[in-house]
Structures are given as structure tokens and as C-alpha cells.
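Student: Please take a close look at a single part of this model, and then set it in the context of the chain as a whole.

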Amino acid sequence: MNPRQDTPTLEFDADLIRRLDRNGPRYTSYPTADRFAASFDAQRYIAWTQHRNVGVKRRPLSLYFHIPFCNTLCFYCGCNKVITKNNSKAVTYLDYLIRELDMQAKLFSSDDKVEQLHWGGGTPTFLGNAQMRALMRATRERFNLVDDDKGEYSIELDPRKINAETVAVLREIGFNRLSMGVQDFDPAVQRAVNRLQSEEETLAIIAAARAHRFKSISIDLIYGLPKQTVMSFNQTLKKIIDANPDRIAVYNYAHLPALFKPQRRIDPADLPSPDTKLDILGLTILRLTEAGYLYIGMDHFAKPDDELAIAQRRGRLHRNFQGYSTHADADLVALGVSAIGKIGPTYSQNFRDLDSYYQTLDKGTLPILRGLELTQDDLLRQCIINTLMCHFELFMEPVEIAFLISFENYFAHELDDLKKMQDDGLLTLGDRWLSVTPKGRLLIRNICMVFDKYLRVDSDDQRYSRVI
Ligand code: SF4
């Protein structure tokens with residue numbers, strides 16, 4: 001039997017999730033960032049950028065800019081951010097960011113094409129309109145961005161701090177996709193997480209994005225927040241579905257106050273019980289699929305005509321630090337504090353605090369804190385994990401040919417674990433393929449974890465959130 005005959009769908013099985021839910025990485029990279037080491041420094045990074053310039057065909061570039069500032073603190077936050085209302089901090093930061101941009105641009109050829117660009121945070125729109133124009137202008141002066149119809153230029157917005165004019169400016173300077181945090185419309189939930197955001201503010205920004213012809217509008221929701229109930233989240237879902245975004249991401253709130261200080265301000269007594277969370281998740285899947293959204297994987301839903309859904313159908317979906325992407329394996333140049341990049345078979349991460357980031361740039365050195373050169377084994381496992389995350393199935397023969405291995409011998413332990421998962425109903429193992437079942441799709445992280453060599457030698461999974 002060919003597993004592709006089994007059309008991808010999603011099945012919510014609360015008992016299975018209850019039984020198998022465990023902590024696990026989200027695999028926006030493999031190996032995960034906590035495996036990076038300080039031995040990978042700016043010199044190693046520069047050496048790897050030089051390898052790009054050998055040969056005729058080069059991988060396209062993707063640029064990621066991290067803007068760490070936020071006006072107010074959301075109590076659920078686990079991001080790297082700086083809370084301030086003082087815009088002069090952004091003035092200083094932009095100055096350093098453009099210095100870094102300058103240093104990075106010198107490592108690449110003017111022929112290198114940038115096919116993707118993303119501003120994340122923090123809150124990128126903490127920058128004023130003039131500052132955003134200046135940053136984009138500085139980028140275009142140093143890098144070769146492809147035209148609007150070919151490039152994926154995206155930004156994370158906070159609707160509380162912007163208006164329709166800002167949306168117009170963003171489109172004018174080149175952004176064509178946006179995502180927006182909503183989390184939950186219920187005022188009680190918003191008060192409990194210190195994020196007051198009216199429906200009017202959110203809907204006005206969605207309308208402005210449509211008017212300015214953004215190609216894709218994505219909304220982020222979070223389930224498992226304090227004061228949330230099935231009934232209240234149902235209302236939020238209804239309003240979001242009515243607003244008709246192209247994509248909806250529904251994240252699980254992971255309460256890890258030992259790791260994330262802001263979360264200590266959430267009263268654990270206000271959190272929904274695990275059973276309520278599961279009910280909310282079940283309801284979310286029901287409502288979104290009823291409304292015509294397809295499950296892409298790992299928290300993401302998209303309309304059938306959205307480019308992510310199309311790419312998945314065509315077997316061309318990819319996964320990177322921003323989540324799912326339609327663009328093939330680009331080299332990722334990361335700019336700004338804590339940003340993570342990827343050049344060839346390497347990862348690198350910038351310093352995570354502003355002082356170290358600034359001081360390193362003052363010395364004329366790229367502000368790289370740590371990184372990793374992937375081994376052949378890392379690349380093999382990365383390929384398998386990405387394929388599973390994007391397509392929920394794996395054909396073994398192409399992997400054997402690409403990596404010159406016998407799958408059965410190389411992954412004997414993993415196959416034993418997969419057989420147990422088959423008994424649990426998470427997947428079907430064929431002679432030369434593996435296919436994740438509709439009810440296994442919500443537990444795709446569990447399946448990927450089987451291939452994570454680092455988890456086999458170090459099973460301290462407390463650093464990760466629960467799968468659901
Ligand atoms: S959740 Fe986003 S907006 Fe809120 S504090 Fe964290 S980074 Fe800032």
C-alpha cells in the first residue's frame with residue numbers, strides 16, 4: 001500500500017493525547033538551539049559564508065531581524081524581549097543593527113538573492129514609521145531583495161500600537177505578509193495575562209491589511225491561558241473565523257515559571273485544568289476544520305488556497321525558525337540580539353542580552369554567541385524530522401540513497417520505538433515507508449523525538465514544553 005492513498009486529515013483523540021503527552025521540542029531546528037556551543041564563533045561563521053561563494057549556483061538568502069522591544073509585558077511571554085516605553089532605546093538599537101547589517105552584507109555577493117525577510121520580536125512595530133523605513137532602506141542598499149511577487153516579506157504586528165497608516169507604510173516599504181497576536185478576545189483572559197487588546201483594534205488592522213493587499217494574514221491564538229474556558233474560547237474562535245484570516249496558529253500555553261519569569265505573575269489557580277485544555281483543543285480543531293481550514297502541522301492551520309496548504313499538497317513545504325515556509329532551503333542571515341541564523345550545515349545565535357550584543361559590535365566583531373556545525377548524522381536526522389513535520393510521512397529509500405545508509409540497520413533502535421507507536425495507533429509502518437495516522441498528527445513531536453539523538457543521550461526534557 002502506498003501511504004499517499006491515505007488522504008491527510010486530522011483526528012482528535014483525547015485519550016491518546018492524555019496517555020502520550022510529554023515534554024518535547026518544537027523542532028524549528030534540529031539539533032535544537034540548546035545544543036549550540038560557544039566553540040562556534042564569528043570566525044567559524046565567516047569561514048562558512050565563504051564556502052557559499054564557491055561554485056555557480058548559490059542558495060537564496062533569507063534575512064531575519066529581531067526587534068526585542070515591547071511596550072508592556074504579557075505575562076505568558078517566553079520570548080527574548082526588553083520591556084520599555086522609551087523609544088531612544090530603539091534609536092541606539094537601530095544604529096547597532098545597521099552596523100551588523102553592514103558587516104554581514106560584506107560577507108555575501110551582490111548577486112545573492114534575498115527571497116525571504118522576516119521581522120520578529122519582541123514587537124517589530126515598536127519602531128516608529130520613520131525607523132522602519134530607515135531599516136528597510138538600509139537593507140535594500142546592502143542586499144538584493146527579489147520583487148514583491150517572488151519574495152516572502154513578513155512581519156509580526158501588535159495591533160495595540162499601530163493604526164491603518166502604519167499598515168500602509170509596511171506595505172509601501174515591501175512587506176507582503178503579516179502575522180498578528182490575538183491570543184484570546186475574552187477581557188477576563190486579557191486582564192489575567194496583562195494584554196488588553198480590543199476586537200476593534202484587531203479587526204481594523206486586518207481590514208487595513210486587506211485594503212493594502214497583503215498576500216497573507218495570519219492570526220495567533222493561545223489556548224491554556226488563565227481564566228480561559230471552552231465557552232469563552234469558542235467565542236474567540238467564532239470572531240476570528242468571521243474575520244477570515246488566511247492562516248491561524250493556535251499555540252499551547254506552556255506554564256514554565258521556573259524558566260520564564262513573567263509567568264510567575266500568573267496565578268496557577270486560574271489556569272484551565274488539563275482536561276479543559278484538551279476540550280479547548282478539540283473544539284478548536286472542530287471549529288477550524290468546519291470553517292474549511294486545513295491542519296498544516298504543529299499548531300498551524302491554513303485555508304486550502306493559502307500558499308502553505310498548496311506547498312504541502314505539492315510536497316514542497318519546509319520548516320525553519322519562523323515555522324512553516326514555502327521556500328526551499330535558504331541560508332538564513334540573522335540580525336539583532338538573540339537571532340538565530342543558518343548558513344549551509346551550520347547554525348549560529350547572536351548574544352542574547354543587549355550589552356554583550358553592543359560591546360561585541362563595538363569591537364568590530366559579529367555578535368555571535370554560539371552555534372553548531374552539523375555532522376552527517378545531524379543532517380540525516382534533520383532531514384527525517386523536517387520531512388515528518390511537513391508531510392507526516394517518510395519514504396526510506398530516498399533517505400538511504402541520499403545518506404548512503406541502510407535505514408533498517410542505522411535506525412534499528414528507532415524502528416523498535418516506532419513499532420510501539422504503531423501499536424498505540426500513532427503511525428503505520430510499511431516495508432519502506434512510515435505514515436503518521438490522522439490521530440498521530442497532533443503528536444508529531446513525539447514521533448520526531450524518536451529520531452532526536454540528543455534526547456537519547458540526555459533525556460532532561462524539563463526544558464521543553466508539553467506537546468499539547
Ligand atoms: S508576548 Fe510578544 S508582545 Fe508580549 S511581551 Fe512577549 S514579545 Fe512582547
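Tutor: Leu404 counts as exposed because its relative accessibility is 76%, and the cut-off for that class is over 50%. The model is a predicted one, and every value given here is computed from it. Leu404 sits in the loop that joins α13 (396-403) to α14 (407-410). The backbone of Leu404 also deserves attention: its phi is near 55°, a positive value in a residue other than glycine.

Ser338 is a useful counterpart. Its phi is positive as well, at about 70°, although Ser338 is not a glycine. Ser338 belongs to the loop between β14 (331-335) and β15 (340-343). With a relative accessibility of 10%, Ser338 counts as buried, since the limit for that class is under 20%. A positive phi is thus found in this chain both at an exposed residue, Leu404, and at a buried one, Ser338.

A further backbone feature occurs in another loop. The peptide bond from Tyr30 to Pro31 is cis, with omega near -10°. Tyr30 lies in the loop between α1 (14-20) and α2 (42-52), and Pro31 is placed in the loop between α1 and α2 too. Despite its loop position, Tyr30 counts as buried, at 1% relative accessibility. Apart from neighbours within four places in sequence, the contacts of Tyr30 are Tyr347, Leu374, Asp378, Arg381, Gln382, Ile385, Phe451, Asp452, Lys453 and Tyr454. Tyr30 and Phe12 are 18 residues apart in sequence, and their C-alpha atoms are 27 Å apart in space.

One partner of Tyr30 leads into the interior: Phe451 is among the residues with the most contacts inside the largest nonpolar core, together with Trp119, Phe175, Leu388, Leu418 and Leu434. This core has 124 residues. Its largest share, seven residues, comes from helix α3 (residues 88-105). In soluble globular proteins, nonpolar side chains tend to be buried together. Phe175, another of the core residues named above, touches Leu117, Trp119, Met136, Tyr153, Ser154, Ile155, Leu170 and Phe214, when residues up to four places away in sequence are left out.

Burial is also seen within a helix. Thr236 is part of helix α8 (residues 230-243) and counts as buried at 1% relative accessibility. Beyond its neighbours within four places in sequence, Thr236 is in contact with Asp184, Phe185, Asp186 and Leu221.

These sites belong to a chain with 17 helices and 20 strands. The radius of gyration is 22 Å, close to the 23 Å given by the globule rule for 468 residues, so the chain is as compact as a globular protein of that length. Along the principal axes, its C-alpha atoms fill a box of roughly 60 × 55 × 40 Å. Of the 468 residues, 57% count as buried. Where contacts join residues at least 6 apart in sequence, 74% of them link residues at least 24 apart.

As for the surface, the chain exposes about 19900 Å², of which carbon and sulfur atoms supply 51%. The side chains include 60 positive and 61 negative ones, and the centres of the two sets lie 3 Å apart.

How values were computed
Residues are numbered from 1 along each chain as its sequence is written. This is a predicted model: local features need pLDDT of at least 70, side-chain atom pairs count only at pLDDT 80 or more; totals for chains, interfaces and linings use all residues. Side-chain values use heavy atoms; hydrogens and water are left out. Helices (H or I, at least four residues) and strands (E, at least two) are DSSP runs, numbered from the N terminus. The radius of gyration is taken over C-alpha atoms; the globule rule is 2.2 Å times the number of residues to the power 0.38. Buried means under 20% relative accessible area, exposed over 50%, partly exposed in between (1.4 Å probe, protein chains only). Contact means heavy atoms within 4.5 Å. Accessible areas come from the Shrake-Rupley method with a 1.4 Å probe; for residues, only the protein chains shown count as cover. Lys and Arg count as positive and Asp and Glu as negative; His and the chain ends are not counted. The place of a charge is taken as NZ of Lys, CZ of Arg, CG of Asp or CD of Glu. A nonpolar core is a set of buried Ala, Val, Leu, Ile, Met, Phe, Trp, Tyr and Cys residues joined through side-chain atoms within 4.5 Å.
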